[in-house]
Structure formats: structure tokens, C-alpha cells
Amino acid sequence: MIYESVIEQLSRRGIDSPRLEARMLIAAVKNLEPSQVSRDTELSNQELQRLEQYLQRRLAHEPIDKILGQKEFYKYQFFVSSNVLSPRCDTELLLETVLDLVRKKCFSRVLELGVGSGCVLLSLLKEVEHLEGVGVDISPKALEICAKNAERLAVEKRCQLLCQSWTNTDLIHTISQKFDLVFSNPPYIVSADIHQLEPEVKNFDPLVALDGGKDGLDCYRQIAGFAPELLNDCGYIVLEIGKGQAQDVRTIFESQSFRHINTFKDLSEIERVLVFQKA
Ligand SMILES: C[S@@+](CC[C@H](N)C(=O)[O-])C[C@H]1O[C@@H](n2cnc3c(N)ncnc32)[C@H](O)[C@@H]1O
């Protein structure tokens, strides 16, 4: 009965997958797998109270992964919090592109700009034994989550985390080494469009992970400005981009003597990942 009631409340609030989410919430309070939850699942008073708290948060449009504190990305579970962008399935394309390059070219060290929860860099380190990675982020709280995820995936010894802004010219001196591969999923939403995003995003993902400035391209201009100094000759930079940004981002990087190598589309046929090589 409680199961049906949760489904109905979620559904009335316009939540997309009310059945799945009801199972996830009940499973979390009972410490079960969602597939083990049914309409006959019984809850103690204490479990009911916890479920009610979770449900109220979800009805206020907090994303389920932020309520439960973790989200699956690629093959792994990542801790998440209000301080990190919830990993997106579109970003698996960035990971797959980078993974392919690392394997084909046998790279041994990579750099991620804006590592956030670590879903991309840490999955990469988990997949490629012996690969070492540096992750930079402006947010100390995001890096705390990233460090927890690195331990969870047992890759912490191969992962260096730096709390710095890439707009800080000291970054290049702090890192002091060059890479064959740099990648980033930077903030790329046009500032004035943020209020139109769904509440799950605009109210619960950190603004610093979303806001790409007046035309959404600020971070690409910043990264294109200093990336040549972080890359070895012929090194690669791989970028996730927002819908409709491919041509502008190409122009920005080509004007900094990068050569466009490839564009990959996501499952909705949107140009989502660009690959450049330092000329
Ligand atoms: C879109 S999120 C991507 C997070 C993660 N890499 C992912 O793909 O889920 C962008 C990240 O860039 C970080 N960031 C934004 N501006 C930055 C800056 N100037 N310097 C360093 N990191 C920055 C944010 O804190 C955020 O974690």
C-alpha cells in the first residue's frame, strides 16, 4: 500500500519514472535492491519516517541521486552531494572518447579540468591499469567527494587532486608537467538560461558547475588560452560541449592553433564531444 501511495504522490508531482523512483526510495530505507521491493513490502515506523523525509525531498524536486547520496556512472557507483554536478549519462561519451584515445595511444598521464565528483577521471583510472591522473577543480567541497570516490574505486594512489581555478595563471606552475591528453566537461550553460532549467538541475546542481557566462562559452575561451602550455606537442584535448556549441568551440580552439580531429554525437544526435590536437 505504501508503495502505491509513493508512486501516486511522485506521479502527481510530475516525476518521470514514479514506479522506479518509489522502488529506489523504499529500497534505500530498507537496505534492499530496488528489484526486491513490491507492493507487499512492509516498513517499520522508523523506516516509514525515513521514507517520508526522502519523499518530501523528492517532491521538492531534489534529484533522487542527491537524496540517496550516490549515482551510477558508466560501470561504477559514485558518491554525490549538493557540491557536485550529478553525473550525466551524456558524459559517458566524453569518458568513452578519452578511454579510446588513452588505449590507442598508450598515454600514461592525463589531466581533467573541472573533475567534480570524479566520475570521468576515476572511471578512466579504474579502466586503465597504471594510468595516472590529475584532477583540478575550483571547489574544495567537490574535491572532498572526488577523494572519497577515488578511495571507493581504489585508484587514489594514481590520482592527484588540485584545488585551483584554471583562470589562475599559477595552475601551469603548480602542475609543472605537460600531458599528452587533457579533457574537460566545463560549465557551458548560458547564464541567462539557467533559470529555465528543470528544478532538479537549477536548484540542486552547484551554479559553478553550470554557468558558462553570457554566451555559455567563457570556460572554452579560458581553457583554449592556457591549454597549449599544458600539452606536449601533438597532445590532445577532448571537450564535452552543449547543444549548438560545436561550431563556436571549434572556432575558439582553432584560433589557438588547435586542429579539430573529430566530433562525436550523443544518443540524441547532438554534437556532444569535440577532439582537438595541438598543432
Ligand atoms: C560541468 S561540471 C563537470 C564535473 C565532472 N567532470 C562531470 O563531468 O560530471 C564542471 C566542473 O568544473 C568546475 N569548475 C568551474 N569553474 C572552474 C574553474 N574556473 N577552475 C576549476 N574548476 C572549475 C566546477 O566546480 C565543476 O566541478
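Two helices are called oblique when the angle between their axes is neither under 35 degrees (roughly parallel), nor over 145 (roughly antiparallel), nor 65 to 115 (roughly perpendicular). In the present structure, which is a predicted model, this definition applies to several helix pairs.

Helix α2, formed by residues 18-30, packs against helix α3, formed by residues 45-59, at an angle of about 140°. The axes of α2 and α3 are 9 Å apart. An angle of about 140° is not over 145, and α2 and α3 are therefore oblique to each other. The crossing of these two helices, α2 and α3, is right-handed. Helix α2 also packs against helix α1, which spans residues 2-12. For α1 and α2 the angle is about 125°, and the axes are 9 Å apart. This angle makes α1 oblique to α2. The crossing of α1 and α2 is likewise described as right-handed.

As to the division of the chain, domain 1 covers residues 2-60 and domain 2 covers residues 71-278. A distance of 34 Å separates the C-alpha centres of domain 1 and domain 2.

A further helix pair is formed by α5, residues 92-105, and α6. The axes of α5 and α6 come within 10 Å and cross at roughly 40°. On the same definition, α5 and α6 are therefore oblique to each other. The crossing in which α5 passes α6 is right-handed.

The strands were examined next. Strand β1 (residues 70-73) pairs with strand β2 (residues 76-79) in the antiparallel sense, and four bridges join them. Within this pair, Gln70 has Phe79 in β2 as its bridge partner. The two strands β1 and β2 form a hairpin, with two residues between them. In the turn of this hairpin, Tyr74 has a positive phi of about 55°.

An open sheet contains seven strands in the order β5-β4-β3-β6-β7-β9-β8, and the pairing within this sheet is mixed. The edges are occupied by β5 (159-163) and β8 (258-265); each has a single partner strand, so one side of each is left without a neighbour in the sheet. On average, and with direction ignored, neighbouring strands of this sheet are turned by 20° against each other.

Both senses of pairing can be illustrated from this sheet. Strand β3, residues 109-113, pairs with β4 in the parallel sense over five bridges. In this pairing, Leu113 stands opposite Val136 in β4. By contrast, β8 and strand β9 (residues 271-278) run antiparallel and are joined by seven bridges. Here Phe258 stands opposite Lys278 in β9. The strands β8 and β9 belong to a hairpin with five residues between the strands, in which Glu269 takes a positive phi near 65°.

The surroundings of the ligand were also described. The ligand is surrounded by 22 residues, of which Gly114, Gly116, Ile138, Asn185 and Ala209 are the closest. Two elements, α6 (119-127) and β4 (132-137), give two or more residues to the shell around the ligand. Both elements appear above: α6 in the crossing with α5, and β4 in the pairing with β3. By class, the shell consists of 13 nonpolar residues, eight polar residues and one charged residue.

Technical notes
Residues numbered from 1 in each chain as written. Predicted model: local features only at pLDDT ≥ 70, side-chain atom pairs only at ≥ 80, totals over all residues. Near = placed C-beta within 6 Å. Nonpolar A, V, L, I, M, F, W, Y, C, P; charged D, E, K, R; others polar. Domains from an automatic or database assignment. Pairing = 2+ DSSP bridges. Axes fitted to C-alpha atoms, helices over the stretch in contact; angles between N-to-C directions. Left-handed = near helix turned anticlockwise from the far one by under 90°.
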